[in-house]
Amino acid sequence: MRMRHWLCAASPPLHWLTAPPLRSAFTADHSVCEHSTHAAWSRSEKKMEKKSEINGHAMPSSASTARMLENSEEPVEEDQQQEEKKKKRGFKERLTRFLSRNLLVILTVSGVLVGVGLGMLVRGMNLSKAQMSHFAFPGEMLLRMLKMIILPLVVCSLVSGAASLDTRSLGKLGGIAVAYFLVTTLIASGIGVALAFIIKPGVGAGALNTNSLGLESVSSNKETTDSFLDLARNLFPSNLVAAAFRSYATDYKMVAVGNDTNGTTLYQKVPIGAEADGMNILGLVLFAMMFGVALRILGEEGEELIRFFNAFNEATMVLVSWIMWYIPFGIMFLVGSKIVEMEDVVLLVTSLGKYIFASILGHIIHGGIVLPLIYFAFTRKNPFSFLSGLITPFTTAFATCSSSATLPSMIKCVEENNGVDKRISRFILPIGATVNMDGAAIFQCIAAVFIAQLNNTELNAGQIFTILVTATASSVGAAGIPAGGIITIAIILEAIGLPTNDLSLMLAVDWIVDRTTTVVNVEGDALGAGILHHINQLEMKKHQQEVAEELEEVKVESVANVQAEEETSPLVTRQTKVPEGMPEAIESVL
């Protein structure tokens, strides 16, 4: 009896830390002890029971056992709760991070969608011309702000980029960039001509004329030779200040050169120099590049001016970041105003549907297949992950139809979202926005073949080759403004001897085609910057490996040439004869 009582009292050691169970163990009957011991073991098995019955009364369970069970259960519940909180917190953090990173993209795309709905809504109100201009005012302000920033951005970024790059790498990167622009534009021209002959948009469309569609005629009397000469003249502007808002354009006047046999005065068309409104971006680009190279060659004397242009460039990018937050609001009214201004879009689309379809299909093929494949061939990286960081510039290009106006947001997104080196992006992208017009080359070739088919003119191999070359060359000088490519189509038509009076048809639907044209132009520039950034990184790694190998050679040479303590330079090699009595092991120890 006493032995069982002591066995009962000798419960697990944890009971000695709690006074009430110890006191009850000495005072209670042995039956109570047996019952409490059995209850404790059952509680440990059930892990959830809080009370036990003693002599028919409900009694609190042992504090030690309950505490032991609580200590064993609470951590599991707390861990589960913490994991749930972490999951919720992690989801919220990821969502917040995603929204903060892509807020501008979401707002810009939403602006386009809201603009379409707003335009359809306002379209039914039959606004007057003055009311339409008032409705388009916020979009006009966006275009004015973007155009305002083009001149300082192009000049400062090119001077800064050309001055920061080494002359040797500058020449190599420039050569690769020119080759890339030339090859992609030639491919784009080939795609345009091929699609035009496959789809045949002008066949059976002879009923189209400017009178039935109510279109204005487009006059273009410039000779093809003068068009290319103007391109060369604009490369070297005679006045840099005037080049900021005017470009060179040849005009003609009739000069009397004599009389014929009947006494009739003979006149001859003589080209004269004239100026056209619009920034001479080509001349500014060439001057900024050469000026940056000159500052690089100057060395220390040009450092202060280089720092000035770098600071000017960074300040311009800050202004760009401010303007980008206005883009969603401005785009909404740009898109909406275009929808309101449409008169009879159904007639245009049905009449010129094949031409629109061929142009947009060419842009999809070139921008969705050809350019990504070229990027993948050079970098072995996913091109669509690269393009996913450029949704805001693409949306801006779609809304503004201007490569130059998209340049500020393109530079910012390429550097921040895709990690392209500033020296590369600020050197290549302004050049690409001026000379790389893949989308324009596609629709210009399709338009030329379309007009030939419209006039029942069979094109021979020489004329097709002329279209390819002329479209590639003329796209270089195409202005990065809305409807800038329409003017260059006249050059192609003049080169192959086709009338230019049908250009009004192109102008009628240009507001549709020009949007995808600008997106493809911008995409080609961005992927070119990505390719050059990858090539530059490979060159840097190669250079670092060469430097490391040279250092290793110098180390080995210095160890092998140490003959005496006075020879401290590893580049000093001196041959000394080792005395016969001195062991050779001393050199290896040293």
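H363 lies in helix α15, which covers residues 353-379. The structure is a predicted model. Its protein chain holds 24 helices and 4 strands, and 43% of its 590 residues are buried. Among contacts in the chain with a separation of 6 or more, 78% are between residues 24 or more positions apart.

**Two buried residues and their surroundings**

- H363 has a relative accessibility of 3%, under the 20% cut-off, and therefore counts as buried.
- Setting aside neighbours within four places in sequence, H363 contacts G368, G439, I442, F443, V513, T516, T517 and V520.
- Of these partners, G439, I442 and F443 fall within the residue range 438-454 of helix α20.
- T392 is placed in helix α17, residues 391-400.
- T392 has a relative accessible area of 3% and is buried.
- With neighbours within four places in sequence left out, the contacts of T392 are L104, V105, T108, M324 and C413.

**Helix α19**

- Helix α19 runs over residues 422-435, 14 residues in total.
- At 1.5 Å a residue this helix should span 20 Å, and its end C-alpha atoms are 20 Å apart, so the expected and modelled values agree.
- Because 12 of its 14 residues are buried, α19 is largely enclosed by the rest of the structure.
- The buried residues are I424, S425, R426, F427, I428, L429, P430, I431, G432, A433, T434 and V435.
- R426 is thus listed as buried in α19, as are S425 and T434.

**Helix α20**

- Helix α20 has 17 residues, 438-454.
- The expected span at 1.5 Å a residue is 24 Å, which agrees with the 24 Å between its end C-alpha atoms.
- In α20, 17 of the 17 residues are buried, so this helix is largely enclosed by the rest of the structure.
- N456 follows α20 and has a positive phi, near 55°.

**Packing of α11 against α19**

- The axes of α11 (residues 281-298) and α19 come within 10 Å and cross at roughly 155°.
- An angle over 145 degrees counts as roughly antiparallel, so α11 is roughly antiparallel to α19.
- The α11/α19 crossing is left-handed.
- On the α11 side the contact is made by I281, L282, V285 and M289, and on the α19 side by F427, P430, I431, T434 and V435.
- By class, this contact of α11 with α19 has 8 nonpolar residues, 1 polar residue and no charged residues.
- The α19 residues F427, P430, I431, T434 and V435, which meet α11, also appear among the buried residues of α19.
- An α-helix has 3.6 residues a turn, so residues three or four places apart point the same way.

**Packing of α6 against α13**

- Helix α6 (residues 137-164) packs on helix α13 (residues 327-341) at an angle of about 125°, with the axes 7 Å apart.
- This angle makes α6 oblique to α13.
- The crossing of α6 and α13 is left-handed.
- The α6 residues in the contact are P138, G139, L142 and L143.
- The α13 residues in the contact are I327, F329, G330, I331, F333 and L334.
- By class, the contact of α6 with α13 has 8 nonpolar, 2 polar and no charged residues.
- Glycine counts as polar in this classification, and the contact includes G139 of α6 and G330 of α13.

Terms used: Residues are numbered from 1 along each chain as its sequence is written. This is a predicted model: local features need pLDDT of at least 70, side-chain atom pairs count only at pLDDT 80 or more; totals for chains, interfaces and linings use all residues. Side-chain values use heavy atoms; hydrogens and water are left out. Helices (H or I, at least four residues) and strands (E, at least two) are DSSP runs, numbered from the N terminus. The expected span of a helix is 1.5 Å times one less than its number of residues. Buried means under 20% relative accessible area, exposed over 50%, partly exposed in between (1.4 Å probe, protein chains only). Axes are lines fitted to C-alpha atoms, for helices over the stretch in contact, and angles run from 0 to 180 degrees between N-to-C directions. Angles under 35 degrees count as roughly parallel, over 145 as roughly antiparallel, 65 to 115 as roughly perpendicular and the rest as oblique. A crossing is left-handed if the near helix is turned anticlockwise from the far one by less than a right angle, and right-handed if clockwise. Contact means heavy atoms within 4.5 Å.
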